[in-house]
Amino acid sequence: MENHAGDLSSEIHQSILEELEDAAREGDNDKIYILIRKDPYLLDRIDAISFVDTPMHISASYDNASFTMEMMRLKPSFARKQNPDGFTPMHLALKNWRTRILHRLIEADTQLVRVKGKEGRTLLHCAVERDDQSRSIDIINYVLLACPQAIEDVTIYQDNVLHIAVKRGKYDVFQWLVKWILNNWESSQELKKQILNGKNGEGNTVLHIAALKNAPEAS
């Protein structure tokens, strides 16, 4: 016997999900509660998926700040969840230059800047890689003011922010970061040395990478 009831239930659930995605794009907070009334377990069902574009991912991409913050309030785990591409909502906000969203999320939870996405990249690592170095520096400065310890994070390749900056040829960012480290880690010479002279997974320091790339700007 065919399970028509099960098929109908699946269709209804899919319809509600699509409505929620539309609400995330439009920033319609009221629609969240209309849909939750239809399915009280709606957000739990989404959260049960290991890698998914949550409504928070969508709203962060579309710069809908109030929807993003309401979704984070209702389901805090969404803020740390990766989508199938390995991005959290904060990573997507950066990808789309949604600065207002980034500021709101960091204000709500400074530790979000240390959440790792694809290949262990944090918000700081991704900001260093962006082409617009001036805008990148503004975001990097905001991140480090909120969470200075984020400078210590490395990727799965053991690259820190300086390794990444030199590899990507972001020398304005590199020089800004070096000045920041020298000015802000005076009390921790060991940590300063670790960041400035640390080796990545290939055994290369920043100076080694600069020499390989023939980049005097980073030497």
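## How α5 meets α7

The crossing of helices α5 and α7 in this predicted model is right-handed. Residues 65-74 form α5 and residues 99-108 form α7; their axes come within 10 Å and cross at roughly 30°. Angles under 35 degrees count as roughly parallel, so α5 and α7 are roughly parallel to each other.

If you would like to find this contact on screen, look on the α5 side for Ala-65, Thr-68, Met-69 and Met-72, which meet Arg-100, Ile-101, Arg-104, Leu-105 and Ala-108 of α7. Sorted by class, this contact of α5 with α7 holds six nonpolar residues, two charged residues and one polar residue.

## α5 also packs with α2

Helix α5 has a contact with α2 as well, the helix made of residues 29-38. Here the two pack at an angle of about 35°, and their axes are 9 Å apart.

From α2, the residues taking part are Asn-29, Ile-32, Tyr-33 and Ile-36. Their partners in α5 are Ser-66, Phe-67, Glu-70, Met-71, Arg-73 and Leu-74. The contact of α2 with α5 has six nonpolar residues, along with two polar and two charged ones.

## The pair α9 and α11

Further along the chain, α9 covers residues 133-146 and α11 covers residues 171-184. The axes of these helices come within 9 Å and cross at roughly 25°; α9 and α11 are therefore roughly parallel to each other. The crossing of α9 with α11 is right-handed.

Which residues make this contact? On α9 they are Gln-133, Ser-136, Ile-137, Ile-140, Asn-141 and Leu-144, and on α11 they are Tyr-171, Asp-172, Val-173, Trp-176, Leu-177 and Trp-180. By class, the contact of α9 with α11 divides into eight nonpolar, three polar and one charged.

## A charge over a ring

For a close-up view, try Arg-135 and Trp-97. Arg-135 lies over the face of Trp-97, at 4.3 Å from the ring centre.

How many aromatic pairs are there when ring centres must lie within 6.5 Å? With that cut-off, the count comes to zero aromatic pairs.

## The whole chain

Stepping back, what makes up the secondary structure of the protein? There are 13 helices and zero strands, and the pattern along the sequence reads α-α-α-α-α-α-α-α-α-α-α-α-α. Along its principal axes, the C-alpha trace of the protein spans about 70 × 35 × 30 Å.

Note on methods:
Residues are numbered from 1 along each chain as its sequence is written. This is a predicted model: local features need pLDDT of at least 70, side-chain atom pairs count only at pLDDT 80 or more; totals for chains, interfaces and linings use all residues. Side-chain values use heavy atoms; hydrogens and water are left out. Axes are lines fitted to C-alpha atoms, for helices over the stretch in contact, and angles run from 0 to 180 degrees between N-to-C directions. Helices (H or I, at least four residues) and strands (E, at least two) are DSSP runs, numbered from the N terminus. Angles under 35 degrees count as roughly parallel, over 145 as roughly antiparallel, 65 to 115 as roughly perpendicular and the rest as oblique. A crossing is left-handed if the near helix is turned anticlockwise from the far one by less than a right angle, and right-handed if clockwise. Contact means heavy atoms within 4.5 Å. Ala, Val, Leu, Ile, Met, Phe, Trp, Tyr, Cys and Pro count as nonpolar, Asp, Glu, Lys and Arg as charged, and the others, Gly among them, as polar. Rings of Phe, Tyr and Trp (its six-membered ring) pair if their centres lie within 6.5 Å; planes under 30 degrees apart count as stacked, over 60 as edge-to-face and the rest as tilted. A charge sits over a ring if NZ of Lys or CZ of Arg is within 6 Å of the ring centre and within 35 degrees of the ring normal.
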